[in-house]
Protein chains: 2
Amino acid sequence: MNNSRFPISLHILTLLDDAKGAVVSSEYLAGSININPVLVRKEIMNLRKHGFVDSKEGKGGGSYLAKNAIDINLGEVYLAVRNHHLLGQSKNEPNPKCPIGRQINQHLDTLYSDAESALIKNLSSQTLADFTSKFQ
Amino acid sequence: MNNSRFPISLHILTLLDDAKGAVVSSEYLAGSININPVLVRKEIMNLRKHGFVDSKEGKGGGSYLAKNAIDINLGEVYLAVRNHHLLGQSKNEPNPKCPIGRQINQHLDTLYSDAESALIKNLSSQTLADFTSKFQ
DNA sequence: TTGTACTGTAACAAATAAAATTACAGAATG
DNA sequence: CATTCTGTAATTTTATTTGTTACAGTACAA
């Protein structure tokens, strides 16, 4: 159920912030996170698509933050990586002949978006810079 | 990543509330949710462990709410079924030789518990009775 | 007291999803 | 033009989730 894209992306962003603008290779990032470099590059592709990072190809290439860490909040990062419903969703369609089953998905949807809004609001109160400053 | 225990449990509780105290079989519940009865029984085992439902074995048996729907809030239900970290956790240990990797898990943990508290607070504002009342 | 309809639970199989690996084209550098 | 990177696809491996089968035990009711 659960994938680890959020912690991976945040780990990447933290390392890039720590690099203070220097270009960092996917191999180095993968080494700190302890995952495969190709997976890092896939996450970076997504982070780039959302404007958080930029990359430089070729020899001496790598990635770097595309905006100031103070202008990236963790709610945006969450939104950039989320793919599932936060509280899980059965892929099976409930029975449409059952009066409860027929309606439950729509009610779960509103429940989920309310709950997710509360989560995002909380995450948004913290910037990448706030997060990175905790490391010494 | 993502499992569907929360929607399944909430679906079960909704059906039981709707049954107004009558005993409901796992087969009936499974039919509405459109999943396997054994999976329903496993979820019920957990709901029973947390005091939300009770079951009656043998012929004519099944499950029923153990407390009033007004006394069950959705935050408690979430807590009863949660098993992973909300925002995902890489099972791989980050590199302990990296100053960021070495510390990131502890910082993610506090980030997660704050965010999860916000989510639970939101969910707790709604009772099972509130949720069920949306169905007509 | 026996058949029937349930739950409880374990063991296993199948399906799905996530992650790792391999491979290689293309870009930038010296 | 060799080297060191990224970008990306294809494939394999591994892990997780879900479904299935099986059967003992419990309660009811004829």
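Helices (H or I, at least four residues) and strands (E, at least two) are DSSP runs, numbered from the N terminus. This is a predicted model, in which local features need pLDDT of at least 70, side-chain atom pairs count only at pLDDT 80 or more, and totals for chains, interfaces and linings use all residues. Side-chain values use heavy atoms, with hydrogens and water left out.

Q: Which element gives the most to the surface near DNA strand C?
A: α3(B) does, with 4 residues. A residue is near a strand if one of its heavy atoms lies within 4 Å of it.

Q: What makes the Arg48(B) pair with DNA strand C a polar contact?
A: A polar contact here is a pair of N or O atoms within 3.5 Å. A side-chain N or O atom of Arg48(B) is 2.7 Å from a phosphate oxygen of DNA strand C. The pair therefore qualifies.

Q: Why is Lys20(B) called exposed?
A: Exposed means over 50% relative accessible area, buried under 20%, and partly exposed in between (1.4 Å probe, protein chains only). Lys20(B) has 74% relative accessibility, so Lys20(B) counts as exposed.

Q: Why is Asn34(B) called partly exposed?
A: Its relative accessible area is 39%, so Asn34(B) falls in the range between buried and exposed. Asn34(B) sits in the loop between α2 and α3 of chain B.

Q: What makes the phi of Asn34(B) notable?
A: Phi of Asn34(B) is near 70°, a positive value in a residue other than glycine. Most residues other than glycine have a negative phi.

Conventions
Residues numbered from 1 in each chain as written. Chains lettered and ligands numbered in written order. Polar contact = N/O pair within 3.5 Å; in protein donor to acceptor, adjacent residues only side chain to side chain.
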